[in-house]
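Here are my notes from a look through this one, in numbered points. Have the structure open while you read.

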Amino acid sequence: MLYTSTRNKQDTYTAQRALCQNRADDGGLFVPVHIPQGSAQEIIKFLQLPSNDVIAKVLNVLFGSAMTGRDVEFLAGKEIFRMQEINHRITVGELWRNAEGDFSRTVRILAEHVCVDKSAKEPTLWAKVAVNIAMIFAMFTELPYKTEADLKRKQDVVVLSGDFIAPMAAWYARKMGLPIGAIICCCNDNGSVWDLLQRGQMKVDSPLIMTNTPKCDVSVPEGFEWLLYETLGEDAAIEFASACDRGGLYEINPTGYPVLKQGMYASVVGEKRLLDIIPNVYSSTGYVLCPYSALTYSGLMDYRAMTGENGAALMISQWSPLHCKDVVAKAMGISVADLRDRIKKM
């Protein structure tokens, strides 16, 4: 597959460039020249494969690699993720089921395997998006999609705004044919994504607010340029980059605003509410949320309250509650040792 840049679609690059460099020569983000799209029949057939085979095949399409499901198992383990159904038609896709309790381990291992240059210390931005796309496809193999009629039942996907990698992975997965409904982007008190998706404007140099979800403490998500490029085109991506360089307010053209936010929703969850939701969800479901998962859970509740929608939702969780064990234990009023025991029983 060939790649181009969000700021100059005339130039093309190999998949290996997208695996070795964060940005193209013009400063833009790498983006596929062509996004493969499966028919309903192809998607249903694809979702019947073992999840590790699905992960391998998606990465092979994106990078021209020759990975197999056995490779995925050997590299990242037999059970890379776990699906946990909690309440209100919510399934949590736990991507942190590994020794480090952190999805970044899986991303690092799989990206390194498909990259020719083994000296790279950190997966590139597009490599992270690609692995996220593969994992979303894999998680859908565990959901009830067996016939073409099932594809009409959309699954909302709930993700953190953060660096905008997870939202774009869901966006690309939907573009490729997965039955994804709304993509719900959840922000903490740093709500610039909410401002742009709900109001059509973003202050690109807002001061940061430090929270218990520091990976979401960003003024401008680095990957937001992808969404602008894919929905509004190259000029919008260039204009956004220019606004980020000069600072101040970035505004969407009113005619482009409905196109940008189609199928996208944003929610802002305050710090106090986020910490309250952890013990509340545990008392009602027996499920332990980390602060990031509490953020996505609260964002989903906001979306349902605002829209009246109550469809099935896949909530993506990338960190074990033990990743923020002191915060979670304090919120639940228990010891860290007790927290470990409760997580083992999940």
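How many bridges pair strand S1 with S3, and is the sense parallel or antiparallel? Before the answer, one reminder: this is a predicted model.

1. **The three-stranded sheet.** Strand S1 (residues 3-5) and S3 pair over three bridges, in the antiparallel sense. One spot to click on is Tyr3, whose bridge partner in S3 is Pro32. Zoom out and you have an open sheet of three strands, ordered S2-S1-S3, with antiparallel pairing. Strand S2 (8-13) and strand S3 (30-32) are at the edges with a single partner strand each, so each has one side without a neighbour in the sheet. From one strand to the next, the twist averages 45°.

2. **A helix over that sheet.** Helix H9 (residues 224-232) lies across S1, S2 and S3. Its direction is at about 40° to S3.

3. **The salt bridge just ahead of H9.** Glu222 forms a salt bridge with Arg23, with 3.7 Å between the closest N and O atoms. Glu222 belongs to the loop between strand S8 (201-203) and H9, while Arg23 belongs to the loop between helix H1 (15-20) and S3, so the pair ties together parts that are 199 residues apart in sequence. Glu222 has a relative accessible area of 39%, so it is partly exposed. Arg23, at 25%, is partly exposed as well. The two also belong to a network of salt bridges that links Arg7, Arg23, Glu222 and Glu225.

4. **Other salt bridges.** The count comes to 14 salt bridges, and a couple of others are worth a look. Arg108 and Glu100 meet through their side chains at 3.2 Å, N to O. Arg108 counts as partly exposed at 31% relative accessibility, and Glu100 counts as partly exposed at 44%. Then there is Asp302 with Arg273, where the closest N and O atoms are 2.8 Å apart. Asp302 sits in helix H13 (residues 291-307) and Arg273 in helix H12 (residues 271-285), so this pair ties together parts that are 29 residues apart in sequence. Arg273 has 34% relative accessibility and counts as partly exposed.

5. **The S4-S5 hairpin.** Strand S4 (residues 82-85) and strand S5 (residues 90-94) run antiparallel and are joined by four bridges. Arg82 stands opposite Glu94 in S5. Four residues lie between the strands of this hairpin, and His88 takes a positive phi near 55° there.

6. **A phi value to check.** Most residues other than glycine have a negative phi. Phe164 has a positive one, near 70°. You'll find Phe164 in the loop between strand S6 (155-160) and helix H7 (165-175). Is Phe164 buried or exposed? Phe164 is buried, with a relative accessible area of 0%.

7. **Two crossing helices.** Last, look at helix H3 (residues 51-63) and helix H4 (residues 69-76), whose axes come within 7 Å and cross at roughly 100°. That makes H3 roughly perpendicular to H4. On the H3 side, Asn52, Asp53, Ile55 and Ala56 make the contact, meeting Gly69, Val72 and Glu73 in H4. Sorted by class, the contact has three nonpolar, two polar and two charged residues.

Definitions and conventions: Residues are numbered from 1 along each chain as its sequence is written. This is a predicted model: local features need pLDDT of at least 70, side-chain atom pairs count only at pLDDT 80 or more; totals for chains, interfaces and linings use all residues. Side-chain values use heavy atoms; hydrogens and water are left out. Axes are lines fitted to C-alpha atoms, for helices over the stretch in contact, and angles run from 0 to 180 degrees between N-to-C directions. Angles under 35 degrees count as roughly parallel, over 145 as roughly antiparallel, 65 to 115 as roughly perpendicular and the rest as oblique. Contact means heavy atoms within 4.5 Å. Ala, Val, Leu, Ile, Met, Phe, Trp, Tyr, Cys and Pro count as nonpolar, Asp, Glu, Lys and Arg as charged, and the others, Gly among them, as polar. Buried means under 20% relative accessible area, exposed over 50%, partly exposed in between (1.4 Å probe, protein chains only). Two strands pair if DSSP finds at least two bridges between them. A salt bridge is a side-chain nitrogen of Lys or Arg within 4 Å of a carboxyl oxygen of Asp or Glu.
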